[in-house]
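Dear colleague,

Please find below the structure for your study. I should be grateful if you would keep it open while you read the notes that come after it.

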Amino acid sequence: MADRFEPMPEDWQRALAVVAHPDDLEYGCAAAVATWTDAGREVSYLIATRGEAGIDTIAPAECGPVREREERASAAVVGVDVVEFLDHADGVIEYGPALRRDIAAAIRRHRPELVITLNPDDTWGGTYWNTPDHRAVGRAVLDAAGDAGNRWIFPDTEAPPWNGVRWVAVAGSNSPTHAVDVTGGLERGVRSLVEHRAYIEALTDQDPEAYARELIEGSAREAAARFGGHPAIPFRLFRF
Ligand SMILES: [Zn+2]
């Protein structure tokens, strides 16, 4: 693990964040998104499922629309207007060509220089096992960043090939390399997570705002120790 994080690249205009579930981006990454949209950059979200299996007390048919609404509200807090859903099945997303194709097609449509995703490793560190959906989507995003530029792979997508992806930034990584100073976006990062109220209320008895603040500010402070004392969101940066 790097002793000090390198600053994230800033010479880009469009980013596409691709994750498995509503809430995946709000556990930290959203503060970075707020900082970027403040600087005039465009960020869009692509969510592989509607998170319909994410709340024990609400059955999937009812849960999906609730979580979709919460995700759109979360995105709006950090300056993101475009939120798309792929409708893979929550909990049982399969890694494979169908998932890679859906993500490559979205990359070709959005033409991002930076793609963002969530930790695809087996664990969150130590013995905290990661979920199958995060592993499948994270790996497929890293693969699709290359697929999108190859006109012989998935040749039938609506948009033409896009080989302009320069980096994939992985949030929640066990071995981050880069970080972004979120001094300006931290508060909206907290509020962005609070928008997942139905999800958080089913998860904990803690007040949603106190829960979100503790998590987001806590992790930004922890990263600050390796980023000149600035509250930060770390990423593992892959170059393409
Ligand atoms: Zn998730």
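The notes below concern a strand, a core and a helix.

This is a predicted model, in which local features need pLDDT of at least 70 and side-chain atom pairs count only at pLDDT 80 or more, while totals for chains, interfaces and linings use all residues. Residues are numbered from 1 along each chain as its sequence is written.

Helices (H or I, at least four residues) and strands (E, at least two) are DSSP runs, numbered from the N terminus. Strand β8 (residues 232–239) has six buried residues among its eight; a residue is buried if 20 or more other C-beta atoms lie within 10 Å of its own, with C-beta atoms placed from the backbone. Strands pair if DSSP finds at least two bridges between them. Strand β6 (residues 167–171) runs antiparallel to β8 and is joined to β8 by five bridges, with Ala169 opposite Leu237. Strand β7 (residues 178–181) is also antiparallel to β8, over four bridges, and Ala179 is the bridge partner of Pro234.

The largest nonpolar core (buried Ala, Val, Leu, Ile, Met, Phe, Trp, Tyr and Cys residues joined through C-beta atoms within 7 Å) has 65 residues. Helix α1 (residues 29–38) gives the most to this core, namely seven residues. Ala169 and Val115 are among the residues with the most contacts inside the core.

Helix α4 (residues 132–147) has 16 residues and should span 22 Å at 1.5 Å a residue (times one less than the number of residues), which agrees with its end C-alpha atoms being 22 Å apart.

Yours sincerely

Notes. A residue is buried if 20 or more other C-beta atoms lie within 10 Å of its own, exposed if 12 or fewer, and partly exposed in between; C-beta atoms are placed from the backbone.
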